[in-house]
Amino acid sequence: MSAHSIRVLIVDDHPMVAEGIQSILESYPDIEVVCTLGTGQEAVDQVADLSPDVILMDLNMPGLGGLSATEMILERLPETRILILSMHDSPEYISTALNHGAKGYVLKDVPTDEIKQAIDAVMRGEQYLCTGASGSLQPKQDSAREALTGREQTILLELAQGKSNKEVAQTLEISVRTVETHRKNIKRKLGISSTAGLTRYALEHGVLQGTSPGF
């Protein structure tokens with residue numbers, strides 16, 4: 001292995017997918033797959049010890065999802081480059097991932113060499129969107145509305161899944177008071193007064209896409 005190998009961590013809850021990606025990447029002499037993990041929480045817990053240059057992060061995983069894991073990892077290790085590797089091409093989902101700090105978004109049905117291209121691009125400090133992801137992004141019709149921050153989008157996702165303020169606080173390792181403050185700001189920005197309204201907004205804008213086990 002080259003002294004300048006790119007250290008890659010794969011985070012995906014489907015073993016066959018993770019093994020397939022690992023097999024592809026290990027065919028390149030400048031790539032070292034340091035580990036494959038099945039949950040976002042495992043990635044958060046082990047990222048400091050594994051010291052990857054690039055993380056390939058799935059979105060829909062049991063427990064801590066890819067968006068929350070991305071945010072938590074970047075809060076602790078901001079230099080880490082995270083590439084979302086997902087089946088979902090919802091424009092809202094892609095935008096949300098980028099707003100959370102992901103350096104790129106690649107759909108799982110891309111040609112195998114495009115994953116390597118994406119890794120090389122983010123290692124150069126560039127953002128990478130595969131053709132399918134780039135084509136899905138359209139100007140927002142509600143662009144005049146005050147945008148949610150990355151943290152607010154994370155909390156919206158958690159709340160829309162029916163979690164209480166206390167459960168969200170425990171998941172994101174923040175105080176209940178902080179969750180309450182963000183919740184008020186989210187409702188104000190979106191013009192929504194109820195939790196049911198937040199859930200409906202999340203569904204209509206693709207925020208909850210991929211949270212069902214059927215996806």
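How many bridges join S3 to S4? Hi everyone, let me start with that one: there are 4 bridges, and the two strands run parallel. When I say that two strands pair, I mean that DSSP finds at least two bridges between them. Helices (DSSP H or I, at least four residues) and strands (E, at least two) are DSSP runs, numbered from the N terminus.

A quick word on ground rules. Residues are numbered from 1 along each chain as its sequence is written, and side-chain values use heavy atoms, with hydrogens and water left out. This is a predicted model, in which local features need pLDDT of at least 70 and side-chain atom pairs count only at pLDDT 80 or more, while totals for chains, interfaces and linings use all residues.

Now the overview. The protein has 10 helices and 6 strands. Of its 215 residues, 47% are buried; here buried means under 20% relative accessible area, exposed means over 50%, and partly exposed is in between, with a 1.4 Å probe and protein chains only. Taking contacts (heavy atoms within 4.5 Å) between residues at least 6 apart in sequence, 65% join residues at least 24 apart.

Let's go to the sheet. It is open, it has 6 strands in the order S2-S1-S3-S4-S5-S6, and the pairing is parallel. At the edges you find S2 (31–37) and S6 (128–129), each pairing on one side only. Strand S1, residues 6–11, is joined to S2 by 6 bridges, again parallel, and one register point to look for is Val8, whose bridge partner in S2 is Val33. On to S3: S1 pairs with S3 in the parallel sense over 4 bridges, and Leu9 stands opposite Ile55 of S3. Coming back to my opening pair, Leu56 stands opposite Leu83 in S4.

Which residues of S3 point one way, and which the other? Val54 and Leu56 take one side, Ile55 and Met57 take the other, and all of them are buried.

Next, the helices that sit on this sheet. For the angles, axes are lines fitted to C-alpha atoms, for helices over the stretch in contact, and angles run from 0 to 180 degrees between N-to-C directions. Helix H4, residues 91–99, lies across S4, S5 (104–107) and S6, and runs at about 145° to S5.

Helix H3 gives us a nice residue to zoom in on, namely Ser68. Ser68 is buried, with a relative accessible area of 2%. Leaving aside residues up to four places away in sequence, Ser68 touches Thr154, Glu158 and Leu172.

Moving along, helix H5 covers residues 112–123, and its buried residues are Glu114, Ile115, Lys116, Ala118, Ile119, Ala121 and Val122. After H5 comes Gly125, with a positive phi near 90°.

My favourite helix pair is H8 (165–172) and H9 (176–190), whose axes come within 8 Å and cross at roughly 110°. That makes H8 roughly perpendicular to H9, a label that covers 65 to 115 degrees; under 35 counts as roughly parallel, over 145 as roughly antiparallel, and the rest as oblique. On the H8 side the contact is made by Asn165, Lys166, Val168 and Ala169, and on the H9 side by Val176, Val179, Glu180 and Arg183. These divide into 4 nonpolar, 1 polar and 3 charged. In this scheme Ala, Val, Leu, Ile, Met, Phe, Trp, Tyr, Cys and Pro are nonpolar, Asp, Glu, Lys and Arg are charged, and the others, Gly among them, are polar.

What about the loop between H8 and H9? Glu173 is found there, and it has a positive phi of about 60° although it is not a glycine. At 51% relative accessibility, Glu173 counts as exposed. Ser51 also has a positive phi, near 50°, in a residue other than glycine. Ser51 lies in the loop between H2 (40–50) and S3, and is partly exposed at 41% relative accessible area.

Last stop: Gly38, in the loop between S2 and H2. Is Gly38 buried or partly exposed? At 22% relative accessibility, Gly38 counts as partly exposed. Gly38 touches Asp12, Asp13, Met61 and Pro62, not counting residues up to four places away in sequence. Gly38 and Asp58 are 20 residues apart in sequence, and their C-alpha atoms are 9.2 Å apart.

Thanks for listening!
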